[in-house]
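Please look through the sequence and the model shown below before reading on. The briefing that follows takes up a few places in the chain, one topic after another.

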Amino acid sequence: MKAQTLGRVLLGSAMVGAGVMHLTTQREEFQAQVPDWFPVDEDLTVLGSGVVEIALGGAFVALPRHRRTIGALMAAFFVAIFPGNIAQYVEGTDAFGLDTDRARLVRLFFQPLLVVWALWAGGMLGRRRPVVAEREQREEVETGE
């Protein structure tokens, strides 16, 4: 299995797992990350983001032909929820064992890694061969030249 495929399956599976936890056992923990200023009810926000995580994660695993689009959407999702992580740090909210300012600050640096992971696993980063070169290579295989 290619590293990129493995990365896509792992990230997609982790997203499904996190989404399920949004809806079940970790619901209150996730509510702690909803910023005080966010205009939507905390529980509704957690439920909605959980459903989105399950959908994105499941699609990332099950629809490899659409990995670029889904990877881009997942990266955008990670950017969209980043204010929740910042709010947890700024407001000093304890959740997920992050009970010190240092722990909450360190966590902030992992969100950009998730964005990069989603883009890479979706095939949006890295070297791409030009379409012309791919077409020529296909013709060489087909004609045996």
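**Briefing on selected features**

In this predicted model, helices α1 (3–23) and α6 (111–121) each supply at least two residues of a nonpolar patch. The points below describe that patch, then a residue in a loop, and then a residue in helix α4.

**The nonpolar patch**

- The patch lies on the surface and is formed by M1, L6, L10, V116, W117, W120, M124 and L125, which together have about 760 Å² of accessible area.
- Helix α6 gives the most to this patch, contributing three residues.
- W120, which belongs to the patch, has its place in helix α6.
- The relative accessible area of W120 is 32%, so this residue is classed as partly exposed, a term that covers values between the 20% limit for buried and the 50% limit for exposed.

**A residue in a loop**

- F96 is found in the loop between α4 (67–91) and α5 (101–108).
- Although F96 is not a glycine, it has a positive phi of about 60°.
- F96 counts as partly exposed because its relative accessibility is 33%.

**A residue in helix α4**

- N85 lies in helix α4, and it counts as buried because its relative accessibility is 5%, where buried means under 20%.
- When residues up to four places away in sequence are not counted, N85 touches Q33, R107, L108 and Q111.
- With one of these residues, R107, the side chain of N85 makes a polar contact of 2.8 Å to the other side chain.

Conventions. Residues numbered from 1 in each chain as written. Predicted model: local features only at pLDDT ≥ 70, side-chain atom pairs only at ≥ 80, totals over all residues. Heavy atoms only, no water. Patch = residues over 30% accessible without salt bridge, like charges linked within 9 Å, V, L, I, M, F, W, Y side chains within 5 Å. Areas by Shrake-Rupley, 256 points an atom, 1.4 Å probe, with all protein chains shown as cover. Salt bridge = Lys/Arg side-chain N within 4 Å of Asp/Glu carboxyl O. Helix = DSSP H or I, 4+ residues; strand = E, 2+ residues; numbered from the N terminus. Buried < 20%, exposed > 50% of the residue type's maximum accessible area, 1.4 Å probe, protein only. Polar contact = N/O pair within 3.5 Å; in protein donor to acceptor, adjacent residues only side chain to side chain. Contact = heavy atoms within 4.5 Å.
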